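Subject: The structure I promised you

Hi there,

Here is the structure we talked about, so that you can open it and look around. My notes on what was found in it follow below.

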Amino acid sequence: MSNKEYLKDKRLYLIIGTSIYFVILLILLAFKVNIEATLAITFTYLVGLITILIVDYIRKKTFYTDFKNKLDNLDQKYLIVEMLQDPNFLEGKILTDALYEIDKSMIEKINEYKKQTENFREYVELWIHEVKLPVSSLTLMVHNHRDEQNKKLLSQLTRLDNYLEQILYYVRSENAEKDYLITKVNLSKVISNVALKNKDVLLAKGIDFIVSDVDIEVLTDSKWLEFIINQIVDNSIKYSKEKNAFIKIVAKEEKDRIDFAIYDNGIGIPEADLPRIFDKTYTGKNGRTSKKSTGMGLYIVKKLCTKLGHKISVKSKEKEFTCVKISFFKDDYYKVLEKETK
Amino acid sequence: MIKIKIIEDDLSIANELKEILQRSGYLAEVTEDFSNILEQVRKEQPNLILLDINLPKINGELLLQQIRKENNIPIIMVTSKNTEVDEVLSMSYGADDYITKPYNPTILLLRIGAVLKRSERVSDKIFYHNLEVIPQKGIVKQENDEIILTKNEMIIFLYLLQHQGKIVTRDELMTDLWNNDEYINDNALTVNISRLRSKLKEIGYEEAIETRKGQGYILHE
């Protein structure tokens, strides 16, 4: 609020004030009041008018400057209500009261949606656990009734389970609350689980699975990490070459972190697609041309990594290789907590 | 005979599981009444318990704590709850292992085997006829002769030994190898088996491992 703006806003009062002065002047002239008295009255009137304007200006200027500063500095603008000083003029009071009411109703509305989302999330999780029962039952049945269709049935069941895991972790990654647990996890155990999960398809496709130097502990949530690695290995399998395909997994300890890489000699990712592979529902050339792809896998992977405080990056050359690298930072626990509380 | 109690409310899963366990030579019992499990455990004294978390009337984790208060029967949690918190909690309550559904039954059997072995603390001495097998050293020996097996060959030999006289599929052998972090391919398995055969031949067990075409292998009793 500048002086100019203020005066412009008050121009009606100024016009009225000036008009009244001229009327008073005419009355004084009509009654032939002497010149000294006229000057004294003029002076008093002007001083009075200016004083009123200055007092009003200062009151409003203090309040609105403070208001604007706080609003500019606030990250969450709606919190302004909590920070305002009580205004000592009517419009200010009306404004703050209105803001308070607006905030209150907005927060109520948000809570309503929050609750809805939370209920939905809970139901989806519950539902996934329910669906896993028939899937496990089917898996056991297939194992109990051995015939040549077995492998095909099992591979379809594995696919089904993978899709279920994907939606489960999508729901978890979208959840604002912290529902993971960081502990010391040995990478070899997680990789072993992923390997066993994908054993059949790896053997069937003749993809060599080469693992070295992974007997290292990292700070992570083992279940989340298992999902992350499984998604990456699943991609490597999906986009593998017909002949001499391999997936190499290596870990390396650095001073402040542990680098972990999944390298494959598959069809690679076109350079133009690389920057966007972690985007939601982005499928790229590979996804569009050869295989069914939802574009959700890597998006979820990235989100989970960010939550856990791991850094993930991808290097690739079309028709040659893809290498996904995950960096686990040492003693990163507090950093993760910090990020979460922000 | 080793007795395994299945505490699982999904009857379809429980019955399939029973069949698998019985086929592997265990005595399996399916729990039908969930109101007094503790009492049943006391009476039946199983050698191992497979315990689900989501049960009618009682929570599996709570049940785990109650059983643990009384005895040390090995317990493997088998559940569709797959968060780290659930696993850490169960393990801290005294579970011996934690497996999430759906699982590969061969892996479940391997885990059961491992847990039982740990709890029994059986002597390390394993014999095949007059051969003594020492897995830790990778050695198979008889009176004045011994052969050295690689890690893979030892895993294969031990698996065949545990299932003596029964057909063992290539897939089972493969699962056991992969479960031991040996991610080998089909060719390597064939090579490993033929090496194991020739090594056994060296100490006089030429025809010990028989190939059943399209089915797998048998280690003769």
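To start you off, how many residues does helix H3 of chain A have, and how far does it reach from its first C-alpha to its last? Before I answer, please keep in mind that this is a predicted model. Helix H3, residues 35-73 of chain A, has 39 residues. Its end-to-end reach is 56 Å, close to the 57 Å expected at 1.5 Å a residue. H3(A) is also hardly covered, with 2 buried residues among its 39.

Next, the domains. Chain A is assigned domain 1 (3-106) and domain 2 (179-341). Taken over C-alpha atoms, the centres of domain 1 of chain A and domain 2 of chain A are separated by 64 Å.

Chain B is likewise assigned domain 1 (3-120) and domain 2 (126-219). Here the distance between the centres of domain 1 of chain B and domain 2 of chain B, again over C-alpha atoms, is 30 Å. In chain B, 4 residues of domain 1 are in contact with 4 residues of domain 2. On the domain 1 side of chain B, the touching residues are 2 nonpolar and 2 polar, with no charged ones.

Now for where the two chains meet. The contact takes 28 residues from chain A and 28 residues from chain B. On the chain A side, helix H5 (90-144), helix H7 (187-205), strand S2 (208-212) and helix H8 (222-238) each supply at least two residues. H5(A) gives the largest share, 11 residues. By class, the side of chain A that touches chain B divides into 11 nonpolar, 10 polar and 7 charged residues.

Finally, one residue to click on: Thr322(A), which is found in strand S7 (residues 321-329) of chain A. Why does Thr322(A) count as buried? Because Thr322(A) has 26 C-beta neighbours inside 10 Å, and 20 or more are enough for a residue to be called buried. Leaving aside residues up to four places away in sequence, Thr322(A) touches Ser236(A), Asp264(A), Gly266(A), Gly268(A), Ile269(A), Val314(A) and Ser316(A). You can also look at Ile267(A), which lies 55 residues from Thr322(A) along the chain, while the C-alpha atoms of the two are separated by 7.9 Å.

Enjoy exploring, and write back with any questions.

Best wishes

How values were computed:
Residues numbered from 1 in each chain as written. Chains lettered and ligands numbered in written order. Predicted model: local features only at pLDDT ≥ 70, side-chain atom pairs only at ≥ 80, totals over all residues. Domains from an automatic or database assignment. Contact = placed C-beta atoms within 7 Å. Nonpolar A, V, L, I, M, F, W, Y, C, P; charged D, E, K, R; others polar. Helix = DSSP H or I, 4+ residues; strand = E, 2+ residues; numbered from the N terminus. Expected span 1.5 Å × (residues − 1). Buried ≥ 20, exposed ≤ 12 C-beta atoms within 10 Å, placed from the backbone.
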